[in-house]
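Work through the exercises below with the sequence and the model side by side, and try each task before reading its solution.

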Amino acid sequence: MVCIIGGGVIGLTSAYALVRAGHEVTVIDARDSLGSETSFANGGQLSYRYVAPLADAGVPLQAIGWLLRGESPLKLRPRLDPRQWRWMAAFVGACRGSVNQRNAAHLLRLAALSQHTLQQWREDDHLDGFDWRRNGKLVTFRSAGTFARARSKVTDFVQQQVLTAADCAGLEPALAQDGFVGGIYTPNEEVADCHAFCQRLAARLASSGRCTFLLGRQVTGIHHLDGAVRAIALGDDVMPVEQLVLAAGYRSAELGVSLPLYPLKGYSLSVPVSTPHQAPNVSITDYDRKIVYARIGEQLRVAAMVDIVGYDASLDPKRLALMKRQALETFPAAGDYAQAVEWAGMRPATPTGVPLIGASVYRNLWLNLGHGALGFTLACGSGQLLAELIGQRAPSIDMQGLSPRAA
Ligand SMILES: Cc1cc2nc3c(=O)[nH]c(=O)nc-3n(C[C@H](O)[C@H](O)[C@H](O)COP(=O)(O)OP(=O)(O)OC[C@H]3O[C@@H](n4cnc5c(N)ncnc54)[C@H](O)[C@@H]3O)c2cc1C
């Protein structure tokens, strides 16, 4: 029996892969419904080829520039919290070109496995009902400098096409005509509704007869002895465990295991689409404004912002107003912005941007966490790897850089 703490997209894909491999699973979540925290209203982009970590050469200097700017995609509120300072120091330490390239390679391997795994689950198990589409992604550039740099990094001209501003307008007519100098289009990228995906996985798990859900139950402690976890505490109750998976998103570090995690807060708007041809069909990343757009069913999902402000998950009206204004400039007629549903979520981020997947300091405690800005994209591959490791099978990809023991 495998017990999983966390019923977000990572805990649920772990459960799904484990059940497919023949395991019995219990998923525990503090909330009353699954996929309701960071996996609820994220950007919806399955961005398999844009996985480079945030930490890169020049980013600390660029971040200072952003922080001095009025309309910055980054906000920092320094706190008297050693966790924030430790995380930021480690982040700055990872801001080197060589480290970025190495970590991007690990993430690309995991992303390719994720795309393959999702395709397999969709085909083999007829998993559907979450607005999945292979709609392609267009990264647009407002500055000639950033466009030139991005163009120079394109090496695979089959997977990625360099477009002029006119080509971008032709590809995505809903895009406002001015403001862009060009773009890079990747036809194989996908989009889906992460919360609906969680719900579909949960329904399949429930009907498998191999998965039990304990909802509205917060795990408050992990009891270990002689290098192994023996039980977990659920308030006053103690539950014995054989194998335990920690997939509790940004709150994974609250259970006494030392983890390099910090929440990076972001926001989304879900705008009801009124005139379908005036809302984008292709997913868009506005590179210079760091804002992403995805058409999910009958809504336009707009997501943005990295706020390093502690553990407060409340909405910030100023940040949301800025996003709404920028979205209106980019897709003026996409939908009814007055009816947009606002949301804030906490990305469970490691300083390097690489998640931790695999065995931990205790021999039967497995980690699947720290997926930051890419949790939906990387979820199926991460779940698949975890199931292989717990089942003592050879992992589908080289685990170099992904294994917590080597981190
Ligand atoms: C604005 C924004 C936009 C994003 N856009 C994208 C995107 O376009 N593409 C992409 O791939 N990713 C995106 N992400 C990232 C993605 O949403 C996250 O990486 C992903 O949802 C993390 O999933 P998770 O399962 O680790 O965490 P969560 O979804 O937060 O799940 C963790 C679960 O653990 C439970 N839990 C926590 N502590 C306990 C406890 N002690 N006991 C019991 N239960 C507990 C919580 O209730 C929660 O349900 C975005 C994130 C944000 C904020």
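The exercises that follow concern a predicted model, and each is solved step by step.

**Exercise 1. Two helices that meet**

Describe how helix H1 and helix H7 pass each other, and state which residues make the contact.

Solution. Begin by locating the two elements: H1 covers residues 9–20 and H7 covers residues 194–208. Their axes come within 10 Å and cross at roughly 35°, and the crossing is left-handed. Next, list the residues on each side: H1 contributes Val-9, Leu-12, Thr-13, Ala-15, Tyr-16 and Val-19, while H7 contributes Cys-194, Phe-197, Cys-198, Leu-201, Ala-202, Arg-204, Leu-205 and Ser-208. Finally, sort the residues of this contact by class, which gives 11 nonpolar, 2 polar and 1 charged.

**Exercise 2. From the contact to the core**

Find out which residues Ala-15 touches beyond its neighbours in sequence, and what place Ala-15 has in the largest nonpolar core.

Solution. Set aside the residues up to four places away in sequence, and the partners of Ala-15 are then Ile-4, Val-25, Val-27, Leu-205 and Cys-211. One of these, Leu-205, also belongs to the H7 side of the contact between the helices. Now turn to the largest nonpolar core, which has 115 residues; Ala-15 is listed with Ile-4 and Val-302 as having the most contacts inside it.

**Exercise 3. Around the ligand**

Determine which residues come nearest to the ligand, and which elements each supply at least two residues of the shell around it.

Solution. Start from the 42 residues around the ligand, of which Gly-8, Gly-43, Gly-249, Gly-266 and Gly-375 come nearest. Then ask which elements each supply at least two residues of this shell: they are H1, strand E2 (25–29), strand E14 (262–272), strand E18 (341–349) and helix H9 (375–390). As a last step, divide the shell by class, and the result is 16 nonpolar, 21 polar and 5 charged residues.

**Exercise 4. Two residues with positive phi**

Decide whether Asp-226 is buried or exposed, do likewise for Gln-392, and give the phi of each residue.

Solution. Asp-226 lies in the loop between strand E10 (221–225) and strand E11 (228–234), and its phi is positive, about 50°, although it is not a glycine. A residue is called exposed when 12 or fewer other C-beta atoms lie within 10 Å of its own; Asp-226 has 7 of them, and therefore counts as exposed. Gln-392 lies in the segment after H9, with a positive phi near 55° in a residue other than glycine. Because Gln-392 has 6 other C-beta atoms within 10 Å, this residue is exposed as well.

**Exercise 5. Sequence and space**

For Leu-171 and Arg-142, explain why each is called partly exposed, and list the contacts of each beyond four places in sequence.

Solution. Leu-171 is found in helix H6 (residues 165–171), and because it has 18 C-beta neighbours inside 10 Å it counts as partly exposed. Leaving aside neighbours within four places, Leu-171 is in contact with Leu-138, Leu-163, Tyr-185 and Val-282. Arg-142 lies in the loop between strand E5 (137–141) and helix H5 (144–152), and it is partly exposed because 15 other C-beta atoms lie within 10 Å. With the close neighbours in sequence again left aside, its contacts are Gly-179, Phe-180, Val-181 and Asp-288.

Terms used:
Residues are numbered from 1 along each chain as its sequence is written. This is a predicted model: local features need pLDDT of at least 70, side-chain atom pairs count only at pLDDT 80 or more; totals for chains, interfaces and linings use all residues. Axes are lines fitted to C-alpha atoms, for helices over the stretch in contact, and angles run from 0 to 180 degrees between N-to-C directions. Helices (H or I, at least four residues) and strands (E, at least two) are DSSP runs, numbered from the N terminus. A crossing is left-handed if the near helix is turned anticlockwise from the far one by less than a right angle, and right-handed if clockwise. Two residues are in contact if their C-beta atoms, placed from the backbone, lie within 7 Å. Ala, Val, Leu, Ile, Met, Phe, Trp, Tyr, Cys and Pro count as nonpolar, Asp, Glu, Lys and Arg as charged, and the others, Gly among them, as polar. A residue is near a molecule or strand if its C-beta atom, placed from the backbone, lies within 6 Å of it. A nonpolar core is a set of buried Ala, Val, Leu, Ile, Met, Phe, Trp, Tyr and Cys residues joined through C-beta atoms within 7 Å. A residue is buried if 20 or more other C-beta atoms lie within 10 Å of its own, exposed if 12 or fewer, and partly exposed in between; C-beta atoms are placed from the backbone.
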